[in-house]
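Please open the structure in your viewer and keep the selection tool at hand. The stops below follow one another, each with something to select and something to look for.

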Amino acid sequence: MSEKLWIFDTTLRDGEQVPGCQLNAQEKIVVAKALEALGVDIIEAGFPISSPGDFNSVVEISKAVSNPIICALSRAVEKDIEVAAAALKYAKKGRIHTGIGVSPYHIQYKLRSTPENIIERGVKAVKFAKRFVEDVEFYAEDAGRAELPFLAKIIEEAIKAGATVVNIPDTTGYCLPEQYGAIIRYLKENVSNIDKAIISTHCHNDLGMATANTISGIQNGARQAELTINGIGERAGNTSLEEVVMAIKCHQSIPVYTDIKTEKIYGTSRLISKLMNMPVQPNKAIVGRNAFAHSSGIHQDGVLKHRENYEIIDPKEVGVHESSIVLTARSGRAALKHHLDNLGVELEGEDLNKVYEEFLLLADSKRDIGPKDLLELVGKYMDESSFIELQEVSYQSNGTIKAHVKLKIGDKSHEASSSGNGPVDAVLKAIEKIVKPHYVLEEFLIQAITAGSDDVAKVHMRLMQGERPYYGFASNSDIVLASAQAFVDALNKIPVKDKVTID
């Protein structure tokens, strides 16, 4: 029978250690509530001794959520533990997470101590934490490079002192899956009181092994996994929550279950990405924008015939509306027909073959094929169409930032002006005055693709119309113009039947 795997989310602690990803207290509360809705069991809310802001965040998160255990990190230092306990004052269920380095590197070079002293300090910290909370987690930092007999000894002593959870971090991401699993198995077999505590994994991704190591740890007896949304975290990141949860869901041979509501994964991922200004790489497993996108003709044909030919996860299981069939030079007739059908154009046999040959020539020269391109290929121009052409963009700042745009929609020109918080905001609002789109701007990324003061920026936008995503791309040395072009590009991809209204 499957056992419960406790999901310990450290997005707000280890994840927030990424440079530039710091959140304020209100943003952390938003994240904590999203994690509660997602179904995580433990939220590591911060490291209270590190700053007044972290202390306050743990306090406010403790007040804001009810179901998850709220965990506060500390070193094996009494003052740290006292401050962590104070921060957990309002937690319905509080946990102190304390510990110390256990590898030869940490003992000799970081702590400048001895193995005997390290055990003494670790035990003392656990006993002191037990004065404040019943639930105490002990971390053996850099356990992935520790000597196993010593690791077993300090874990045994920590449990004797009252630790309810023992965390076995691969702090440097050094281990291979077989090695990390063997560490967990060794502890199961050589720590006499291991049945009195839950073993936790905490793996970093320096060698790209974090998810594999975590799964190996679970297969060998760990029953808590410490994870972050999108795998964010120190250096190369932590283990991705979404990857571990979906691996378990896909493989019934892994003898555990979680209480994660998987249909909320994608939305939570986007929330974290937006608040932390941390883009999700397009090919990221489960939550990347290409995770359910197919551009190869063979794959597209297979997915259109039966989704499971090339998808082991139904996109809806993680909160993605549907798979994307992306038109490129590698797309096949099935994908082309799929897009034409969506545009209300029915082609079969030789007619489809002729359009397909023209499509391949166009796709070889154009990176992104949109609805207007397809309709032009079949000779059906958008008569009543709402195809938008960006003709002019201008903006100025004289105390107030104002922008003016001119669009050609079908055979008519339209102009509008607007003010905004910045030139990009003003230009997009001016476009919205003409084209009244029913959408949510979910993602807006700007990336420099050349170096220097005249560098070229690439803009990526993701619009959501209901549950359907539409992407816009553009590149230009003028960021404002590139943003307008990307916005219009996304709007033009909305099918004619769902098209925006024109003012």
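In this tour a patch is made of residues with over 30% relative accessible area and no salt bridge, and nonpolar side chains are joined into one patch within 5 Å. The model is a predicted one, and every stop should be read with that in mind.

**Stop one: a nonpolar patch**

Select Leu441, Phe444, Ile446 and Ile479, which form a nonpolar patch on the surface with about 300 Å² of accessible area together. The largest share of this patch, 3 residues, comes from strand 17, which covers residues 440-448. If you pick out isoleucine 446, you will find it in strand 17, and with a relative accessible area of 44% isoleucine 446 is partly exposed.

**Stop two: a salt bridge from strand 17**

Stay with the strand and select glutamate 443 together with arginine 270, whose closest N and O atoms are 2.1 Å apart in a salt bridge. Because glutamate 443 lies in strand 17 while arginine 270 lies in helix 10 (residues 265-276), the pair ties together parts that are 173 residues apart in sequence. Are these two residues buried or exposed? Glutamate 443 is buried, with a relative accessible area of 7%, and arginine 270 also counts as buried, at 7% relative accessibility.

**Stop three: helix 16**

Next select residues 479-492, which make up helix 16. At 1.5 Å a residue, the 14 residues of this helix should span 20 Å, and the end C-alpha atoms are indeed 20 Å apart, so the expected and modelled spans agree. Of the 14 residues, 10 are buried, and helix 16 is therefore largely enclosed by the rest of the structure. If you colour the buried residues of the helix, you will be marking Val480, Ala482, Ser483, Ala484, Ala486, Phe487, Val488, Ala490, Leu491 and Asn492.

**Stop four: phenylalanine 359 and its surroundings**

Move to helix 13, residues 349-365, and select phenylalanine 359 within it. Phenylalanine 359 is buried, its relative accessible area being 0%. Which residues does phenylalanine 359 contact, leaving aside its neighbours within four places in sequence? They are Leu327, Thr328, Ser331, Leu336, Ile369, Leu374 and Leu377. For one of these pairings, draw a line from C-alpha to C-alpha between phenylalanine 359 and leucine 327, which are 32 residues apart in sequence and 9.4 Å apart in space.

**Stop five: two loops with positive phi**

Select aspartate 142, in the loop between strand 6 (135-141) and helix 6 (148-161). The phi of aspartate 142 is near 60°, a positive value in a residue other than glycine. Aspartate 142 counts as buried, at 0% relative accessibility, and its side chain meets that of arginine 145 in a salt bridge of 3.0 Å, N to O. Arginine 145, by contrast, is partly exposed, with a relative accessible area of 25%.

Then go to asparagine 230, which lies in the loop between strand 9 (224-227) and helix 9 (241-250). Here too phi is positive in a residue other than glycine, with a value near 65°, and at 12% relative accessibility asparagine 230 counts as buried.

**Stop six: a pair along helix 6**

Select glutamate 157 and lysine 160, which both lie in helix 6, 3 residues apart, about one turn of the helix. An α-helix has 3.6 residues a turn, so residues three or four places apart point the same way. The two form a salt bridge, with the closest N and O atoms of glutamate 157 and lysine 160 being 3.4 Å apart. Glutamate 157 is buried, with a relative accessible area of 17%, whereas lysine 160 is exposed, at 55%.

**Stop seven: the wider set of salt bridges**

How many salt bridges are there to look for? The count comes to 31 salt bridges, and as a further selection you can take Lys4, Asp41 and Asp259, which are linked in a network of salt bridges.

**Last stop: the cysteines**

The count of disulfides comes to 0. Cysteine 250 is in no disulfide, and the nearest cysteine sulfur, that of cysteine 203, is 20 Å away. Cysteine 250 counts as partly exposed, at 34% relative accessibility, whereas cysteine 21 is buried, with a relative accessible area of 2%.

Note on methods
Residues are numbered from 1 along each chain as its sequence is written. This is a predicted model: local features need pLDDT of at least 70, side-chain atom pairs count only at pLDDT 80 or more; totals for chains, interfaces and linings use all residues. Side-chain values use heavy atoms; hydrogens and water are left out. Helices (H or I, at least four residues) and strands (E, at least two) are DSSP runs, numbered from the N terminus. Buried means under 20% relative accessible area, exposed over 50%, partly exposed in between (1.4 Å probe, protein chains only). Contact means heavy atoms within 4.5 Å. A disulfide is a pair of cysteine sulfur atoms within 2.5 Å. Patches are made of residues with over 30% relative accessible area and no salt bridge: like charges are joined within 9 Å, nonpolar side chains (Val, Leu, Ile, Met, Phe, Trp, Tyr) within 5 Å. Accessible areas come from the Shrake-Rupley method with a 1.4 Å probe; for residues, only the protein chains shown count as cover. A salt bridge is a side-chain nitrogen of Lys or Arg within 4 Å of a carboxyl oxygen of Asp or Glu. The expected span of a helix is 1.5 Å times one less than its number of residues.
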